[in-house]
Amino acid sequence: MVAQVIDGKAFAAKVRAQVADQVAKLKEENGITPGLAVVLVGEDPASQVYVRSKGKQTVEVGMNSYEHKLEANTSEEDLLALIDKLNSDPAVHGILVQLPLPKHLNEDLVINSIDPAKDVDGFHISNVGLLGTGQKSMVPCTPLGCLMMLREHHGSLSGMDAVVIGRSNIVGKPMAQLLLGDSCTVTIAHSRTKDLPDVVRRADIVVAAVGRPEMVPGDWIKEGATVIDVGINRIERDGKNKLVGDVDYASAAERAGAITPVPGGVGPMTIACLLANTLTACCRANGLPEPEGLTA
Ligand code: NAD
């Protein structure tokens with residue numbers, strides 16, 4: 001079997017177009033422009049690239065983008081004061097604090113100081129609790145993107161066996177909750193899982209979110225399974241820098257029914273879902289119906 005490639009780049013473009021349509025409608029019919037505030041503390045080069053890309057795509061879909069760049073030695077007090085200001089600013093519907101934060105700042109404290117209704121990353125403990133109890137919440141962007149791709153490919157996921165490899169708060173755990181919400185039978189595997197190959201071989205859906213280059217070989221994949229590769233790993237091969245996922249793409253594509261490539265799979269969906277979450281937050285804040293197909 002040769003796997004169908006799930007094109008995350010094309011799907012993300014479709015999501016962004018849907019968001020842009022809804023934003024145009026909001027402006028025309030309600031006079032509202034959704035706004036996303038992104039807070040970056042320090043000068044981490046990867047974070048700077050992400051923040052620039054988020055700002056650019058926010059403006060491209062017609063939303064307002066507010067960037068707040070703070071010095072690496074910013075005090076917790078000053079950062080919390082800024083978040084407080086953004087929480088009460090009616091023009092700001094989404095707030096994202098770019099992680100990781102410099103070591104002297106308490107990440108949990110900072111994230112939990114964001115108004116949960118504006119927490120477009122879905123990391124606030126209230127949103128984690130709401131998601132875990134099947135209530136309306138803000139859903140973390142990367143797992144939301146994975147879910148959208150799975151729904152688009154399969155329609156219903158009900159009754160499927162899903163294995164999520166990785167138990168992080170930002171990908172693995174919320175991914176498992178979302179799959180459970182769509183009535184999959186979910187296994188969360190992690191670094192202490194006994195016989196990982198055997199666990200993965202049972203899965204109709206494999207979501208790999210580990211951060212280890214090509215650690216899942218093709219012979220762990222059940223014939224016809226759908227493979228969602230969240231991993232982004234920079235490696236050097238044949239003297240060149242390359243991005244690879246957590247799955248060995250070439251061998252997995254021979255057995256899977258469908259697979260996301262790296263790059264061009266899950267990656268582009270993350271920012272598209274951030275924009276979708278900002279739109280959702282804006283609609284909720286204004287008591288308007290939520291955009292269809294853009295939430296969990
Ligand atoms: P993390 O380091 O927080 O978590 C990794 C998880 O993998 C842990 O729960 C750990 O138990 C598990 N693990 C480690 N070694 C293992 C092993 N040998 N076998 C099984 N499980 C093992 O990472 P994260 O933040 O969840 O990110 C995971 C990957 O996804 C990284 O490559 C990251 O760059 C990528 N990522 C991509 C996006 C995107 O937009 N596409 C977003 C977030 C993260």
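Visitor: Which domains does the domain assignment give for this protein?

Guide: In this predicted model, the assignment gives domain 1 as 31-116 and domain 2 as 141-268. Taken over C-alpha atoms, the centres of domain 1 and domain 2 are separated by 29 Å.

Visitor: Why are H1 and H10 called roughly parallel?

Guide: Let's set the value against the cut-off. Helix H1 (residues 8-30) and helix H10 (residues 266-285) pack at an angle of about 20°. Angles under 35 degrees count as roughly parallel, and therefore H1 and H10 get that name. Their axes are 8 Å apart, and the crossing of H1 past H10 is left-handed.

Visitor: Which residues make that contact, and what classes do they divide into?

Guide: On the H1 side, the residues include Phe11, Ala12, Val15, Val19 and Leu26. H10 brings Pro268, Met269, Ala272 and Leu275, among others. The residues of this contact divide into 14 nonpolar, two polar and two charged.

Visitor: What makes H2 oblique to H10?

Guide: Again, the angle decides. The axes of helix H2 (residues 45-60) and H10 cross at roughly 50° and come within 10 Å. Roughly parallel needs an angle under 35 degrees, and roughly perpendicular covers 65 to 115. The angle here fits neither range, so H2 is oblique to H10. This crossing is right-handed.

Visitor: Which residues of H2 and H10 meet there?

Guide: Ser53, Lys54, Gln57 and Thr58 in H2 meet Ile271, Leu274 and Leu275 in H10. By class, the contact has three nonpolar, three polar and one charged residues.

Visitor: Why do E1 and E6 count as edges of the sheet?

Guide: The order of the six strands in this open sheet is E1-E11-E8-E7-E5-E6, with parallel pairing. Strand E1 (4-5) and strand E6 (185-189) each have a single partner strand, so one side of each is left without a neighbour in the sheet. Helix H6 (residues 141-154) packs on the sheet, where it touches E1, strand E7 (205-208), E8 and E11. The direction of H6 makes about 160° with that of E8.

Visitor: How do you know that E8 and E11 pair?

Guide: Count the bridges. A pair needs at least two, and strand E8 (residues 226-229) and strand E11 (residues 258-259) have two bridges, in the parallel sense. Val227 stands opposite Ile259 in E11.

Visitor: How many bridges join E9 and E10, and in what sense do they run?

Guide: Five bridges join strand E9 (residues 233-237) to strand E10 (residues 240-244), and the two run antiparallel. Asn233 stands opposite Val244 in E10. E9 and E10 form a hairpin with two residues between them, and Asp238 in the turn has a positive phi of about 50°.

Visitor: What makes Glu214 worth pointing out?

Guide: Most residues other than glycine have a negative phi. Glu214, which is not a glycine, has a positive phi of about 55°. Glu214 is in the loop between E7 and E8.

Visitor: Which peptide bonds are cis, and what is omega there?

Guide: The bond from Leu99 to Pro100 is cis, with omega near 0°. Pro100 is in the loop between strand E4 (94-97) and helix H4 (107-111). Another cis peptide bond joins Val262 and Pro263, with omega about 0°. Pro263 has its place in the loop between E11 and H10. As background, most peptide bonds are trans.

Note on methods: Residues are numbered from 1 along each chain as its sequence is written. This is a predicted model: local features need pLDDT of at least 70, side-chain atom pairs count only at pLDDT 80 or more; totals for chains, interfaces and linings use all residues. Side-chain values use heavy atoms; hydrogens and water are left out. Domain bounds come from an automatic or database domain assignment. Axes are lines fitted to C-alpha atoms, for helices over the stretch in contact, and angles run from 0 to 180 degrees between N-to-C directions. Helices (H or I, at least four residues) and strands (E, at least two) are DSSP runs, numbered from the N terminus. Angles under 35 degrees count as roughly parallel, over 145 as roughly antiparallel, 65 to 115 as roughly perpendicular and the rest as oblique. A crossing is left-handed if the near helix is turned anticlockwise from the far one by less than a right angle, and right-handed if clockwise. Contact means heavy atoms within 4.5 Å. Ala, Val, Leu, Ile, Met, Phe, Trp, Tyr, Cys and Pro count as nonpolar, Asp, Glu, Lys and Arg as charged, and the others, Gly among them, as polar.
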